[in-house]
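Here's a quick tour of a protein chain, one topic at a time. Keep the 3D view open and find each residue as you read.

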Amino acid sequence: KSSKREWKPLEDHSCTDVPWLLLFILFCIGMGFICGFSIATGAAARLLSGYDSYGNICGQKNVKVEGIVNSGLDLTQKKYVFFLDPCNIDLVHQKIKSIALCVSACPRKELKSLADIQKFAETNGSTLCSYELQPSEYTTDPRAAKLCPKYPVPESAPIPFFHRCAPVNISCYAKFAEALITFVSDSSVLHRLISGVMTSKEIIMGLCLLSLVLSMILMVIIRYISRVLVWILTILVILGSLGGTGVLWWLYAKQRISAGALETQIAKDNLQALLIYAIAATVFTVIMLLIVLIMRKRVALTIALFHVAGKVFIHLPLLVFQPFWTFFVLIVFWTYWITVLLFLGTTGKHPVPNEEGFVEFRMAGPLKYMWWYHVVGLIWISEFILACQQMTVAGAVVTYYFTREKRNLPFTPILASVNRLVCYHLGTVAKGSFIITLVKIPRMILMYIHTQLKGKENACARCMLKACICCLWCLEKCLTYLNQNAYTATAINSTNFCTSAKDAFVILVENALRVAAINTVGDFMLFLGKVLIVCSTGLAGIMLLNYQRDYTIWVLPLIIVCLFAFLVAHCFLSIYEMVVDVLFLCFAIDTKYNDGSPGREFYMDKVLMEFVENSRKSMKEAGRGGGAEGRELKPMVGADEE
């Protein structure tokens with residue numbers, strides 16, 4: 001029934017999926033309750049001021065912990081946390097395995113012996129050994145070997161706002177760095193890499209700005225070179241496939257002739273491998289040629305949509321800034337989430353003696369559910385923000401497409417789309433983002449299990465786990481694509497999420513080959529655009545960094561620049577891809593329910609109109625011969641039958 005229902009673009013506006021909006025509001029209220037509860041009951045002083053191994057919070061008077069010596073001390077004058085062995089890092093549990101003390105000052109220079117530690121305590125009044133030792137006993141008491149810091153004590157400085165003494169020399173964390181950066185085996189290499197970043201920070205910022213400019217320029221010129229670019233890529237793929245297949249068969253023939261004289265096992269293996277490669281390349285080439293043959297008439301639609309997408313960005317220039325707004329909102333939310341997480345980490349934790357006689361803070365059972373609620377909130381609200389971007393873009397492009405006179409467009413279609421989103425469709429966005437969350441959470445749990453069991457599970461279990469993760473990832477991508485089209489259908493017809501998703505799915509199935517052509521050719525074009533921006537930025541970086549003589553290694557700055565360039569290009573071109581997808585759904589609806597006759601005029605652009613006219617001519621020619629193309633394009637002129 002939904003496929004026969006009339007589409008009335010932008011005529012009616014009604015609230016959609018209101019129950020889901022109420023559910024999302026209730027969920028956000030729960031997130032706010034966790035925030036307030038964690039701040040009200042959490043030990044903010046323990047988070048900010050830090051605490052020692054005996055449960056004392058630095059910089060204040062403390063309450064005695066039963067069964068723990070050195071607890072309940074007055075540490076008003078000792079405001080900084082100092083680790084006796086700050087370089088002893090547990091990579092598995094990601095924490096410092098060292099006794100922590102509260103001191104009045106961090107050692108601002110290296111202390112090479114107990115005598116230096118004693119002199120520092122007498123001069124600065126900061127005792128770096130355990131509380132039961134007096135500074136006069138540092139060099140005479142045999143317990144000093146365990147109760148004093150491991151020397152040489154590295155130069156350290158307090159971390160701003162968090163009152164922890166951290167070594168100034170980062171080589172102290174060489175092992176931790178090696179765990180994250182596998183190619184760093186020598187701390188001197190790490191020093192040179194970081195010095196290269198610091199010395200070339202102006203160049204890095206300039207190159208990042210260059211990648212931003214290149215991305216914006218590419219979005220403009222794609223409109224003008226789309227036709228040439230698509231056919232060049234198609235020809236290159238065909239020639240590459242034919243050439244690679246020919247070379248493999250030539251090598252096989254040559255190897256077979258020469259193998260007659262050398263009857264060795266290695267020669268036979270090489271000959272067999274070449275035969276397998278040649279056959280596989282032949283099959284691939286044949287499939288590729290068939291795909292190109294089938295898709296050759298549908299590539300024209302991709303070219304036309306890219307051309308119209310360029311016009312959309314000219315009429316709606318604020319679309320370019322959508323990634324910035326979304327990124328800014330995400331950063332604000334993630335900052336809030338991490339802040340609450342830190343406070344939540346100190347909520348409901350009680351001091352408990354461990355096996356070594358020190359204090360650990362452990363969370364009570366019921367409070368653990370708050371962590372899970374908070375994690376689900378991270379995923380759902382993040383997906384909600386991204387879905388709001390998709391709905392905003394869809395609403396603006398739909399307004400552009402279904403406005404016959406472009407001069408009558410709203411002054412700011414983006415803001416008009418945001419207004420419709422806030423007034424009518426927040427419930428639809430909440431429901432769509434919740435569906436993605438339902439798929440993403442199990443995948444993340446399976447990934448966590450796979451990480452924890454790495455090296456312990458058998459091959460069969462590992463294969464099944466990876467297969468489940470892969471299936472969930474594919475399902476998530478398919479649902480994301482369907483959600484985006486459902487948002488477009490909602491922006492057109494103001495229907496709820498399920499109805500919009502069903503209507504969009506019907507349209508996509510009826511145009512399956514066109515969808516395949518757009519997603520393959522279009523995505524490949526945009527991928528090449530990303531590669532072009534990264535390569536151009538990287539080349540400029542090599543030329544600029546090559547003239548720097550202040551440091552020895554500039555590999556890390558170049559990697560940073562290339563990663564940033566890819567991120568920027570992805571953000572911009574993903575908006576371009578989104579616009580193309582929205583335009584395609586609008587075009588499919590337009591051609592299905594309109595035929596250009598009086599009262600049923602097309603909404604589409606002249607470029608798309610030319611494509612329709614060419615398709616009609618092809619349909620008539622194919623119809624005389626009973627071709628498949630005529631049957632496929634029939635709905636375009638047979639909308640009355642719907």
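Let's start with a threonine in this predicted model. The side chain of Thr245 reaches the backbone oxygen of Ala281, and the distance is 3.3 Å. You'll find Thr245 in helix H7, which covers residues 201–259.

**Around Thr245**

- Is Thr245 buried or exposed? Thr245 has a relative accessible area of 9%, under the 20% cut-off, so it counts as buried.
- Setting aside neighbours within four places in sequence, Thr245 is in contact with Ala278, Ala281, Thr282 and Thr285.
- So Ala281 turns up twice: as a contact of Thr245, and as the owner of the backbone oxygen that the Thr245 side chain reaches.

**The big picture**

- The protein has 19 helices and eight strands.
- It runs to 642 residues, and buried ones make up 44% of them.
- Take the contacts with a separation of 6 or more: 70% of those are between residues 24 or more positions apart.

**Aromatic rings around Phe24**

- How many aromatic pairs are there? The count comes to 14.
- One of them is Phe24 with Trp380: the ring centres sit 5.2 Å apart and the planes are at 75°. Planes over 60 degrees apart count as edge-to-face, so that's the label for this pair.
- Phe24 belongs to helix H1 (residues 18–41) and Trp380 to helix H11 (residues 368–401), so the pair ties together parts that are 356 residues apart in sequence.
- Both partners are tucked away: Phe24 counts as buried at 8% relative accessibility, and Trp380 counts as buried at 3%.
- Phe24 also pairs with Phe384, with ring centres 4.2 Å apart and planes at 20°. Planes under 30 degrees apart count as stacked, so this pair is stacked.
- That second pair links distant parts of the chain too, with Phe24 in helix H1 and Phe384 in helix H11, 360 residues apart.
- Phe384 is another buried residue, at 11% relative accessibility.
- Step back and you'll see a cluster: ring pairs link Trp20, Phe24, Phe27, Tyr373, Trp380, Phe384 and Phe434.

**Val397, also in H11**

- Stay in helix H11 and look for Val397. Its relative accessibility is 0%, so Val397 counts as buried.
- Which residues does Val397 touch, leaving aside neighbours within four places in sequence? The contacts are Val312, Leu316, Leu319, Val579, Val582 and Leu583.
- Val582 deserves a second look: its C-alpha atom is 6.9 Å from that of Val397, although the two residues are 185 residues apart along the chain.

**Helices H13 and H14**

- Helix H13 spans residues 459–493 and helix H14 spans residues 497–510; their axes come within 8 Å and cross at roughly 105°. Angles from 65 to 115 degrees count as roughly perpendicular, so that's how H13 sits relative to H14.
- Which residues meet here? On the H13 side they are Tyr481, Leu482, Asn483, Asn485, Ala486, Tyr487, Ala489 and Thr490. On the H14 side they are Phe497, Ser500, Ala501, Ala504, Phe505 and Leu508.
- Sort the residues of this contact by type and you get 10 nonpolar, four polar and no charged.

**Arg443, a buried arginine**

- Arg443 is in helix H12, residues 413–452.
- Is Arg443 buried or exposed? With a relative accessible area of 13%, Arg443 is buried.
- Apart from neighbours within four places in sequence, Arg443 is in contact with Ile469, Leu472, Trp473 and Glu476.

**Two positive phi angles**

- Most residues other than glycine have a negative phi. With that in mind, look at the next two.
- Asp17 has a phi near 55°, which is positive, and it isn't a glycine. Asp17 lies in the segment before H1, and at 11% relative accessibility it counts as buried.
- Ser494 also isn't a glycine and has a positive phi, near 55°. Where is Ser494? Look in the loop between H13 and H14. With a relative accessible area of 7%, Ser494 is buried.

Notes. Residues numbered from 1 in each chain as written. Predicted model: local features only at pLDDT ≥ 70, side-chain atom pairs only at ≥ 80, totals over all residues. Heavy atoms only, no water. Axes fitted to C-alpha atoms, helices over the stretch in contact; angles between N-to-C directions. Helix = DSSP H or I, 4+ residues; strand = E, 2+ residues; numbered from the N terminus. Parallel < 35°, antiparallel > 145°, perpendicular 65-115°, else oblique. Contact = heavy atoms within 4.5 Å. Nonpolar A, V, L, I, M, F, W, Y, C, P; charged D, E, K, R; others polar. Phe/Tyr/Trp six-rings, centres within 6.5 Å; stacked < 30°, edge-to-face > 60°. Buried < 20%, exposed > 50% of the residue type's maximum accessible area, 1.4 Å probe, protein only. Polar contact = N/O pair within 3.5 Å; in protein donor to acceptor, adjacent residues only side chain to side chain.
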